[in-house]
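Could you walk me through this structure while I have it open in the viewer? I would like to know what to select next and what is there.

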Amino acid sequence: MATGRTHRPATRSRGIPEATVARLPLYLRALTALSERSVPTVSSEELAAAAGVNSAKLRKDFSYLGSYGTRGVGYDVEYLVYQISRELGLTQDWPVVIVGIGNLGAALANYGGFASRGFRVAALIDADPAMAGKPVAGIPVQHSDDLEKIIQDNGVSIGVIATPAGAAQAVCDRLVAAGVTSILNFAPTVLSVPDGVDVRKVDLSIELQILAFHEQRKAGEGAASDGGVPTAAARSESADQGPDGDMPAVMPA
């Protein structure tokens, strides 16, 4: 989820909808794969299928960029890669700090996709004194006491929080006070930020719970097609109903 206001005035001033901005990385990923295979042009239908959207939506999105393709030829792959990269701000180097170098933070530090997408891990920060100086992905971990100086020295505007939930808000507050205006939050909590600061939340447990919902629904549909034998989840749901059968006797917290 996103909290706060964007700090990309150029994008807003050009009137590109947020839904379109959210799809631009999908197009860029598909186009980069085509570029790596030396594919010179691509039709809207082919690119839409690769990005997982419909072609009409893709053409509408690209119209906001001023790119309409060539009839009978399609879109120039290399030009679109440049155009979308420029719109997303990926034609410059973005220094990033990762705060919280546990298992997840270390995995993020070792992720090789940052550099190829315009991001540079400038620093790794952790509150554990025992971690200070230890190299992770070739970068020495620095103590959180120096967070503000690290942000200033590296000109960081993007921070990644991979701390436990209880520490995330305090880390967020320090990052914002130090000048960070965009935060990617992996901690399982909702952060409060002032206007002008963007927060993107990544919660793997929520995504898994959504998948579990769909799996349960598919299992229920399968049981119904096999003669209506209720699933364990359905039996549990029935047992939790109140005396009238239409409301749980105990509402979940």
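Start by selecting Tyr75, keeping in mind that this is a predicted model. Tyr75 has a relative accessible area of 5%, which means that this residue is buried. Now add Phe62 to the selection. Phe62 is buried too, at 0% relative accessibility. The ring centres of Phe62 and Tyr75 are 5.1 Å apart and the planes stand at 85°, so this pair is edge-to-face. With Phe62 in helix H4 and Tyr75 in strand E3, the pair links distant parts of the chain, 13 residues apart.

Next, bring in Tyr27. At 0% relative accessibility, Tyr27 counts as buried. How are the rings of Tyr27 and Phe62 arranged? Their centres lie 5.0 Å apart and their planes meet at 75°, so the pair is edge-to-face. Here the link runs between Tyr27 in helix H2 and Phe62 in helix H4, 35 residues apart. Show the three residues together: Tyr27, Phe62 and Tyr75 form one aromatic cluster. In total, the model has three aromatic pairs.

**Where H2 meets H4**

Switch to a cartoon view and keep helices H2 and H4 in sight. At what angle do the axes of H2 and H4 cross? The crossing is at roughly 105°, and the axes come within 11 Å. An angle from 65 to 115 degrees counts as roughly perpendicular, so H2 is roughly perpendicular to H4. To see the contact itself, select Thr20, Arg23 and Tyr27 on the H2 side, then Lys57, Leu58, Asp61, Phe62 and Tyr64 on the H4 side.

Stay with Arg23 for a moment. This residue sits in helix H2 and, at 17% relative accessibility, counts as buried, the cut-off being under 20%. Leaving aside residues up to four places away in sequence, Arg23 touches Val53, Lys57 and Asp61. If you draw a C-alpha to C-alpha distance from Arg23 to Lys57, it comes to 9.9 Å, for two residues that are 34 apart in sequence.

**Charged pairs**

Side chains of opposite charge can pair when their charged atoms come close. Arg23 is a good place to begin: its side chain meets that of Asp61 in a salt bridge, 2.7 Å from N to O. Asp61 lies in helix H4 (residues 55-64) and Arg23 in helix H2 (residues 18-36), so this salt bridge ties together parts that are 38 residues apart in sequence. Is Asp61 buried or exposed? Asp61 is buried, with a relative accessible area of 2%.

Now select Glu45 and Arg59. These two form a salt bridge in which the closest N and O atoms are 3.6 Å apart. Glu45 is in helix H3 (residues 44-51) and Arg59 in helix H4, so the pair links distant parts of the chain, 14 residues apart. Glu45 is partly exposed at 47% relative accessibility, and Arg59 is partly exposed as well, at 37%.

For another stop, select Arg120 and Asp93. Their closest N and O atoms are 2.8 Å apart in a salt bridge. Arg120 belongs to strand E5 (residues 119-126), while Asp93 is in the loop between helix H5 (77-87) and strand E4 (94-99); the two are 27 residues apart. Arg120 has a relative accessible area of 36% and is partly exposed, and Asp93 is partly exposed at 44%. The model contains seven salt bridges, these three pairs among them.

**Around helix H3**

Finish on helix H3. Which residues of H3 are buried? They are Ser44, Leu47, Ala48 and Ala51. Turn the view to look down the axis of H3: the buried residues fall within an arc of 100°, so they line one face of the helix. An α-helix has 3.6 residues a turn, so residues three or four places apart point the same way.

Extend the selection to what surrounds that face. The buried residues of H3 pack against H2, strand E2 (41-42), H4, strand E3 (75-76) and H5. On the face turned away from the buried side, pick out the exposed residues Ala49 and Ala50. Last, click on Gly52, which follows H3 and has a positive phi, near 80°.

Notes:
Residues numbered from 1 in each chain as written. Predicted model: local features only at pLDDT ≥ 70, side-chain atom pairs only at ≥ 80, totals over all residues. Heavy atoms only, no water. Salt bridge = Lys/Arg side-chain N within 4 Å of Asp/Glu carboxyl O. Helix = DSSP H or I, 4+ residues; strand = E, 2+ residues; numbered from the N terminus. Buried < 20%, exposed > 50% of the residue type's maximum accessible area, 1.4 Å probe, protein only. Arc of directions from axis to C-beta. Contact = heavy atoms within 4.5 Å. Phe/Tyr/Trp six-rings, centres within 6.5 Å; stacked < 30°, edge-to-face > 60°. Axes fitted to C-alpha atoms, helices over the stretch in contact; angles between N-to-C directions. Parallel < 35°, antiparallel > 145°, perpendicular 65-115°, else oblique.
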